[in-house]
Amino acid sequence: MWKAYLNTLYLSFYSKPLYRYVAREWEGFPFGYLLLLALIALVPTTFLTTAALTRYLEKDGAYIIEQIPAIQITQGKVSIDAPQPYLIYS
């Protein structure tokens, strides 16, 4: 049974008749099948996005964080030790 599911994943890249068959014969499962395909397609994108975000935070993130002044909260009011409006440059 799992072999059939794996075979359909392989065929899903190029077989139009497979989608027709799934829509007609797999009662209630076609949407789950399409969701599974979408999740599989998102795995590489997720890894690439995570790697790019990590590189950005390591490279430019420190520069931005160093610009943030000390923030103080006193009796529910927020204040900083800098003239306002305070700008942070990227």
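**Surface, fold and local features of the predicted chain**

In this predicted model, the chain presents an exposed area of about 8,000 Å², and carbon and sulfur atoms supply 66% of that area. Buried residues account for 14% of the 90 residues in the chain. As for charge, there are 7 positive and 6 negative side chains, and a distance of 15 Å separates the centres of the two sets.

Turning to the fold, 3 helices and 2 strands make up the secondary-structure elements of the chain. Read from the N terminus, their order is α-α-α-β-β. The chain is more spread out than a compact globule, because its radius of gyration is 25 Å, well over the 12 Å that the globule rule gives for 90 residues. The dimensions of the C-alpha trace along its principal axes are about 70 × 30 × 20 Å. Among contacts with a separation of 6 or more, 26% are between residues 24 or more positions apart.

A helpful place to look more closely is Gln-67, which belongs to helix α3, a helix covering residues 30-67. The relative accessibility of Gln-67 is 15%, so this residue counts as buried, the cut-off being under 20%. What does Gln-67 touch, once its neighbours within four places in sequence are left aside? The contacts are with Tyr-86, Leu-87, Ile-88 and Tyr-89. With Tyr-89 there is also a polar pairing: a polar atom of the Gln-67 side chain lies 2.5 Å from the backbone oxygen of Tyr-89.

Two backbone features deserve a visit as well. One is the peptide bond joining Gln-84 and Pro-85, which is cis, with omega at about 0°. Pro-85 sits in the segment that follows β2, the strand at residues 77-80.

The other feature is at Gln-75, in the loop that links β1 (71-74) to β2. Gln-75 is not a glycine, yet its phi is positive, at about 50°. Is Gln-75 buried or exposed? Its relative accessibility is 81%, so Gln-75 counts as exposed, given that the cut-off for this class is over 50%. The two glutamines thus fall into opposite classes: Gln-67 in helix α3 is buried, whereas Gln-75 in the loop between the strands β1 and β2 is exposed.

Methods:
Residues are numbered from 1 along each chain as its sequence is written. This is a predicted model: local features need pLDDT of at least 70, side-chain atom pairs count only at pLDDT 80 or more; totals for chains, interfaces and linings use all residues. Side-chain values use heavy atoms; hydrogens and water are left out. Helices (H or I, at least four residues) and strands (E, at least two) are DSSP runs, numbered from the N terminus. The radius of gyration is taken over C-alpha atoms; the globule rule is 2.2 Å times the number of residues to the power 0.38. Buried means under 20% relative accessible area, exposed over 50%, partly exposed in between (1.4 Å probe, protein chains only). Contact means heavy atoms within 4.5 Å. Accessible areas come from the Shrake-Rupley method with a 1.4 Å probe; for residues, only the protein chains shown count as cover. Lys and Arg count as positive and Asp and Glu as negative; His and the chain ends are not counted. The place of a charge is taken as NZ of Lys, CZ of Arg, CG of Asp or CD of Glu. A polar contact is a pair of N or O atoms within 3.5 Å; within protein, one must be able to donate a hydrogen and the other to accept it, and residues adjacent in sequence count only if both atoms are side-chain atoms.
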